[in-house]
Each structure stands twice: as C-alpha cells, then as structure tokens.
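Reader: I would like a close look at one part of this structure, followed by how that part sits in the whole chain. Please keep it plain.

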Amino acid sequence: MKALDKKLIRDLSRLRGQIIAIALVVACGIASFVSMLSAYESLKLTQATYYQQYHFAQVFAQLKRAPESLSAQIREIPGVAQVQTRVIADVSLDISGQNEPATGRLISIPERQMPMLNNLYLRKGRYIVPGRSDEVLISENFAKAHNLNLGDSVGAVINGRWQKLRIVGVALSPEYVYSIQGTGDIFPDNKRFGVLWMGREALGTAFNMDGAFNDVTLTLMRGAIEADVIFHLDRLLEKYGGFGAYGRKDQLSNRFLSEEITQLRGTATLVPFIFLGIAAFLLHILLSRIIATQRDQIAVLKAFGYNNLSIGLHYLKFVLAIALTGAFLGTALGLWFGAAVTKNYTRFFCFPLLRYEAGISVVAGAIFISVGAAVIGAFIAVQKAVSLPPAIAMRPEPPARFRRTIIERLGFQSFVSPVSRIILRNLERKPIQALLSIVGISLAVAMLVVGRYSTDAMQYMIDVQYRNVQREDVTVVFNEPRPNRARYEIAHLPGVLRAEPFRTVPAKLRFEHRTYRIALTGLEVGGKLRRLVNRHLHAAMLSENGVMLTTKLAEILGVKPGDVLTVEVLEGERPTRTVAVAGLVDELIGVSAYMNIQALNRLMQEGATISGAYLAADSLEIDRLYALLKRTPAVSGVSIRKMAIARFQETIAGSLSIFTTILVIFACIIAFGVIYNAARIALSERSRELATLRVIGFTQAEIAVILLGEQAVLTLAAIPLGFAIGFGFCALMSSAYNSELYRFPLVVTRATFAFAFVVVTIAAIVSGAIVRRQLVNLDLIAVLKTRE
C-alpha cells in the first residue's frame, strides 16, 4: 500500500466524527432530492399508464335524456373514434353502522363484460350476471371505508323506491382516481360518497331510461381538434338538455390528480433543490476548512518529493470518500423515502397498481452536484496550500496584524474580560471565516423553519376555511332545484337551528380567450353560516347584481373588479348573460364564484328557486336529522363540516406528512452536522493558540469559554439571519403551493421559530460538550510541537 493511501486511511479514522457528520449532510441533501423527484416521476408515469391501459375517455358530456339512436349521429362527428353512452344517477345510500347519510353514484355498464371506455379494473370478485338487477360493483375506497365485502348489501333510494343492492365485485375506474361527487367538493369522502356500477338494463329500467342515456363519453382520433368535437357535440345535445361537453383536462378526477402532480412537481423541484444546494454549500465550506488545517502536512509531503498532482489526487480521494459515502447513503434513503411518499398517495388516489421508478438521471444529478461541490471546496484549499514553498508552508501562519477592536476603540475594554476580548478579536480579524460560519449555521436554521412551515400553513387554512368561511354544520343538496318553500320545510326538520338556502348553477365563465367551468353559488345577503371574507379576514358583502370571485379564480380568468364576464349557463334553457365582477374574496381551498341568490334567480329568469341549504344543527338531535335525510328522495347529497375538516387533514396533511417528516429529520441532522463541524474545525484551527494560552496560565475553563464562546456568538448571530432566510424560503414554497385545489398562506408561527431555536440550541450544546471533552484531553506538548 502506498504511503499516501496509508495516510488517507489514518485521516479518515482520526476525523471519523467530522466525516460522519459531513456524510450525513450530503446524505440528507441527496435523499430529499431523490425522494421527491422520484415520487413525482412515479405518480406521473402511473397516471399515464393507467389512462392508456384502461381507455380513459377524452370528452365527457351529461344531459337530461336522449334516445340511444342519437349515438349514431355522435359517431359521425369528425374526429370521434369511440362513443359510449351511459345512464348515471346519484342516490341516497343506507350503510349499516353509519348514522350520517351517504351518496352513491350509480353508473351503467354493459350486461356482459367487454372492453369499454373508462374500463374497470376488478380488484376482487366478479362481473355482474345478466338479468340480476340487484348486483353491483362497488368502488374500492368506499368498500374499504365501510368494511364492505363480497356478498354484502347496501340500501339505496332509487327513483323514490327503497332497494337492496348486492355487492359482487370491488372495482376501480380511471374516471374516479380521485373520487369526489361534484364541483362543490374538493376532497374525497370515502365514507359518504361511493361509486356503484350496475347493469345497463336494470339501471335504465329503474330510472325510466330504457333505450335512452343521460351521459356520453368519447375518445378522439389522432390529430382531432377537441374544441371542434365539443362544439359539434354540444349542438347535438342542446335540445336534449345537455349541460355542456368538456375535455379530459376539465374532468373532475383528472383535474385534481393533474393539479396534485403539478403541485408535487413544484415541491419536488423547489424544496429538494434548496436542501441539496444548502448541503452542497455547507459541504464546500466544511471540507475546504478541514483541508486548510492540513497545510503543514501538505508542505511536508512536498518537501519529501511529492508533486502537486499526487497531493491533489490524495485529497481528491479523501473528499470523494466522504462525498460518495454520503451520496450512496442518501440515494438509498431517497429511494426508500420516495417509495414511501409514492405509496402514501394510494390513500387518496385509486390506482390498480402504483409504479415506482427512480430515473438514473435524478440520482446521477444529485450525486454530481454534491460531489462537485466537495471537489471544488477541496481543490481551492489544496491549491492555496501547494502554492506556498514547503519551508513557508511548514511554518505556522503569520499572526494577524494587531489592531484595536471596536470595543477597545470605543473605550469599553475595561468592561470586558480578557477572555471576551480574545473572542471578539478573533471574530473581527477573520471576518470572512466568521461570516461563512454564520451563513452556514443560518442555512441550517432556515431548513428547520421550512420543515415546519407546512404544518403552520395547514392549521391556518383550517381556521380560515372552516371557522371563518364555512360555518355551517350540515349542507343539504337537493337532486334538482326546488321552490323557495323548501327552505321552510328544511328549517323545520328535527335539530335544525338555522337554515340558509343557496342556489347553484353550472356555468362556463368566459373572459377574452379564457374560460372556466364552475358552479355559480347564490347566497343570501347577510348570511351567517357561509361568509365571504377578504384577505384581511373581514366580511365582504355581496353586491346587488355582480359576481364575487375568489382571488385564484380571478387570476385564472385574468379579471379584476369592474371587468365584465360572459356567463354561459349549462342547465335549463342555457342562457348566456354578462355579469360584472363586483369584487374578490379570499379562500384558501378550491375556487368559487358567488352571487346574491336573488340576482342569480333573475339571471336564470326563474322564481325564488334553491338548490339546497346550509344548516346549523343541534348536536343532540343530529342523529335524528341524519336518519331522516338518508330516506328523503329529494336529497341527493349531504356534507358535514366536521367531516370536511377531517377529510382535509387526511388528504392534504396526509399527503404532506411523510414529506414534512423527512424535511424535519433532515433539517435536524444538517443543523447538528454543521454546528458540530464548525466547532470541531475551530478546535483544529486554534489548538496551538489554545495550548499556548494554557501554558501561559489560562485555565481549562477559560480556554473552553474562548473556543465555545466564539461558537456561541456565531450561533446566536446566525439564528435571526436563519429566521429571515427561512421565511424567504417559505415564501417560495407558498408560491409553489398555489393551485386550484389549495393554496398555502405565508404564515410562520412563533412555535416554528421556537422549534428551530431549540433544535439549534440543543445541537450547539451537544456539539460544545463533545468539543469540550476533546479540549480537556488536549496534549499540550504534542500540539505545540506539531509545527516545529
């Protein structure tokens, strides 16, 4: 074995504590990068594969009722490849053991199994048997939520009649990867909404749809223009009560899934790059300082005849040993965490198979950045050392030029102890080194702030959305618009303390070339249960005639107050109207458009009509209310606020839980690694000076205060800077988490800052204890003879 290789092994063994800490810094940066990017790529690949293999439709349309013969005309539309007509109906379900009402969406399927659009994946069980009208397939998440098994039955109100449905299979569909009931819903509620697939003949007969359909899906030929197909389809369906066709990008499940993937892409690029960049920067600083402490050893090697290339390769091996150890550990952790993050999405997205793949380019890119930063840091330090003649390099570095410190120039030296003056002098005479140490520690603090940010943001979102905006206990939705007297019938249901009606109208909002499909919601002026608030959380009043948009929807449409929207109503006579934007309201979940309910009734040229009501309910009577709503044919859906909060926490908090945990753990490791290495390197750099102070009479406690006091000053100076940098990173995350589904507010609580402060303080204390132990065991004679 070569002499330099023996030296390499001794150095790695002697500096094992620092090497482990640095390798962990590298590992954390690479692991965060690999885990997030691989999860993004895997989810995107799974979506594309599922859609392709199970023939997810490209155009969708709902209507009142049309004869089956119309399907032939739809097939003749230029660009249409396949057509499938269906019967779909929402019904009330009675699930054993659940008090709250549940809604089931019945979707017709061919009596005999055959390839079809939005094909079903049978997780277990079998397909329905022709002629057995009570057999159904049920969506997997709904079955899991209620522990429903093959052979179990559920009760349903089908066209006003109570009927038992028997489960023969559990299925998944690309149409319901993200299973929500309608445009007013944001998060899946698998206990209160499920999809059931039923034979076409049985479902058509039950809803008087023999030889007719109320839903149609299409796929397109290669090169077909979707907008042209939708235009022709709308014209065909108009006289049959069509609600307006739309493409795959506007299909509810796909829209939310695509939004989540887009959101994950922002997360997978922004946060890991921050972590990896910080880790690379810290690695550069730490390694350059470690190698700088070996200046005398480099000089001795040169004096013994080793050339610059041999010395450079020796330290390159040293650096690569550390960086590659961290890289391999980080890659392994990243792949494990990435698989866990990807698997976590199966709690919210129903895929038959989740494909986890980590691209080689992702892993190689992360390793290249970290190793590159390490090599550059080492190269600069080695180049500086080998540039000196051996005789000069073997001498101690010349002492810094003496000059009075700021404290002494101000005349306050009598108030400062000699130990404190030594600390201040060293910091002032090495400002660049002190600044880099402060920056390094502050970046560790910043990552701790970033790691806790999502928890703060989610708690604030719950407070705003579910305690300031949505204050109702229960939301009741009718199966079709009802006259205004229904509000009084609702108000007299058992347990109802207050009822406020609302009207929802499906519409397409258009401004210039931008359009958006949404349900216009009409509210009562002065309502207490559903409030509109501005960015300062002050109540916003509905205008007499205009529409109030959430800020995100206004951003999507590119409008501001005073602009005029074209509203294409997608129900009834489908009138087209123009409405002015009266103002903007702030909501952090979903997007909405609000109007005065009377103005919306006028827009529709209808009387006082409502679509449902918001209810405040007595908790003691709530079970009686649920039991009644479950068996009311006019009620198609019931939403419960406390369940909505639980769904939000399960969906958003659940999807971010592993990610947040990873960030916090990595941030803690990096914080300890940076602070420990800073203290340990400072001991190596100043061991001769500290030994000299011991010889001339300073006590062990005093030299410990000199070394650790300097580190304490640097740490205290870094904390507020770290808070500021962390807040800036949180602002970047806030801009990244800005989608139609939800938006993260820029809110960082005192608890988060306190958490970062406590972690850094503990890391500093533990590091100080380790360094003090090494300081106590300092061999004065060996240290003073090192450079002689």
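Author: This is a predicted model. On its surface, Phe672, Leu716, Phe757, Val758, Ile762, Val766 and Ile770 form a nonpolar patch, and together they have about 570 Å² of accessible area. The element that gives the most to this nonpolar patch is helix H21, which spans residues 750–776 and supplies 5 residues. Ile762 is one of the residues in the patch, and its place is in helix H21. With a relative accessible area of 48%, Ile762 counts as partly exposed, because that term covers values from 20% to 50%.

The chain around the patch has 22 helices and 20 strands. It has 788 residues, and buried residues make up 54% of them. The accessible surface of the chain comes to about 33,800 Å², and carbon and sulfur atoms account for 58% of that surface. Among the contacts in the chain with a separation of 6 or more, 82% are between residues 24 or more positions apart.

Helix H1 shows the buried side of the account. Helix H1 covers residues 3–14, which is 12 residues, and it reaches 16 Å from its first C-alpha to its last, close to the 16 Å expected at 1.5 Å a residue. Within H1, the residues Leu4, Lys7, Leu8 and Asp11 are buried. They lie on the same side of H1, because they cover an arc of only 105° around the axis. The buried residues of H1 pack against three helices: H2 (16–53), H8 (295–303) and H9 (308–344).

Definitions and conventions. Residues numbered from 1 in each chain as written. Predicted model: local features only at pLDDT ≥ 70, side-chain atom pairs only at ≥ 80, totals over all residues. Heavy atoms only, no water. Patch = residues over 30% accessible without salt bridge, like charges linked within 9 Å, V, L, I, M, F, W, Y side chains within 5 Å. Areas by Shrake-Rupley, 256 points an atom, 1.4 Å probe, with all protein chains shown as cover. Salt bridge = Lys/Arg side-chain N within 4 Å of Asp/Glu carboxyl O. Helix = DSSP H or I, 4+ residues; strand = E, 2+ residues; numbered from the N terminus. Buried < 20%, exposed > 50% of the residue type's maximum accessible area, 1.4 Å probe, protein only. Contact = heavy atoms within 4.5 Å. Expected span 1.5 Å × (residues − 1). Arc of directions from axis to C-beta.
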